[in-house]
Amino acid sequence: MSSIPSVNLQEFLSDDNTQKEKFIKEIGSAFENIGFVALSGHFLSDELVADLYEEIKVFFNQPQELKDSYEIEGIGGQRGYTSFGKEHAKGKKEGDLKEFWHFGQYVENDPKLEAEYPDNVIVKEQPKFNAVGKETFKMLEKTAKYVLRALALHLNLEETYFDDYIKNGNSILRPIHYPPIKDEPKNAVRAAAHGDINLITLLMGAHGKGLQVKNHNGEWVDAIARPDQLMINVGDMLSRLTNNKLKSTIHQVVNPPRELWGTSRYSIPFFMHPVSEMPLNCLDNCVDENNPKQFEDITAGEFLHERLIELGLIKE
């Protein structure tokens with residue numbers, strides 16, 4: 001596959017079974033073949049998207065000393081600010097050329113999870129920052145719920161199979177700033193080749209060149225969405241659960257041509273995580289003689305902890 005397929009979530013949400021089946025077939029096929037789709041018909045409004053970009057651009061333009069005051073020690077970067085170059089891809093020593101912010105779950109009616117998750121960090125200097133971040137989080141979470149319902153049907157599961165696992169899940173909204181490149185990077189890119197940890201990722205801001213996806217022939221394919229689309233991909237948790245029937249595809253954000261080194265890039269992924277107790281054991285209907293079980297049993301929480309160590313965000 002040499003390009004990223006496009007799908008429209010409104011087909012799945014319609015009362016027309018033919019449209020619904022079309023969406024399920026198209027997204028299922030895309031996730032089996034390349035692991036990425038460009039999705040329109042989601043729940044984000046243009047106004048909300050514009051407001052969030054405005055807020056994050058103001059924040060990342062603040063003095064470094066102020067940004068550093070929002071970097072919280074001891075929580076593996078799960079909330080608040082993470083400074084430039086701190087995260088690296090699995091197997092890489094060089095830090096990625098980026099800084100980012102994390103909004104986390106807004107727990108409802110679950111004291112145990114409220115105690116388990118770190119608190120969201122409030123940016124005092126920007127009165128709208130946290131409200132806009134929360135609303136974006138909620139709309140992306142709602143979009144992801146329906147995408148997972150379609151995938152559940154594609155996998156011959158109950159449509160609501162994922163619902164209880166993702167309610168109050170350990171999801172993350174990550175506005176990223178890739179600053180202008182001032183010096184020739186030594187073995188470093190804006191985001192080195194990697195697979196995502198989570199169930200699915202919903203990405204805002206893949207409107208220009210930079211994001212590339214590695215297809216099954218080992219070729220890098222540009223992943224460019226229209227302004228009204230989200231780029232959605234399979235994460236490693238979903239790949240494990242489906243015994244690699246749905247593919248978690250390696251992707252990267254490459255450095256721009258030298259003439260564009262002086263420009264910033266912004267992107268905003270939403271990493272849809274389940275609750276920590278979710279078993280990622282391979283589904284029985286994804287294992288057979290031709291597709292033997294490829295992964296050991298593990299919970300989502302255990303898998304996340306392993307990967308945060310590999311990324312350098314948690315120190316052993």
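This passage looks at confidence, a central strand with its partners, and a surface pocket in a predicted model.

Residues are numbered from 1 along each chain as its sequence is written. Because the model is predicted, local features need pLDDT of at least 70 and side-chain atom pairs count only at pLDDT 80 or more, while totals for chains, interfaces and linings use all residues; side-chain values use heavy atoms, with hydrogens and water left out. The protein chain has an average pLDDT (the predictor's confidence in each residue, from 0 to 100) of 89, and 89% of the residues reach at least 70. Helices (H or I, at least four residues) and strands (E, at least two) are DSSP runs, numbered from the N terminus. Confidence is highest in α6, at 98, and lowest in strand β7 (residues 191–194), where the mean is 73.

Strand β4 (residues 99–104) is a good place to begin, with 6 of its 6 residues buried (under 20% relative accessible area; exposed is over 50% and partly exposed in between, with a 1.4 Å probe and protein chains only). In a regular strand, side chains alternate between the two faces of the sheet. In β4 both faces are covered, with Glu99, Trp101 and Phe103 on one side and Phe100, His102 and Gly104 on the other.

Strands are taken to pair if DSSP finds at least two bridges between them. Strand β3 (residues 80–82) pairs with β4 in the antiparallel sense over 3 bridges, and Tyr81 has Trp101 as its bridge partner. Strand β5 (residues 172–173) is also antiparallel to β4, over 2 bridges, with Leu173 as the partner of Phe103. Another 2 bridges join β4 to the antiparallel strand β6 (residues 176–178), where Ile176 stands opposite Phe100.

Thr82 belongs to strand β3 and is buried, at a relative accessible area of 2%. Beyond its neighbours within four places in sequence, Thr82 is in contact (heavy atoms within 4.5 Å) with Glu71, Gly77, Glu99 and Phe100.

Turning to the pocket, the largest one holds about 280 Å³ of space. On a 1 Å grid over the protein atoms alone, a pocket is an open set of points where a 1.4 Å probe fits, with protein on both sides within 12 Å along at least five of seven lines; lining residues have an atom within 4 Å of a point. Grid points are joined across faces, edges and corners, and the volume is the space filled by probe spheres set on the points. Among the lining residues are Tyr106, Lys138, Glu141 and Asp163. Helix α6 gives the largest share, 4 residues.
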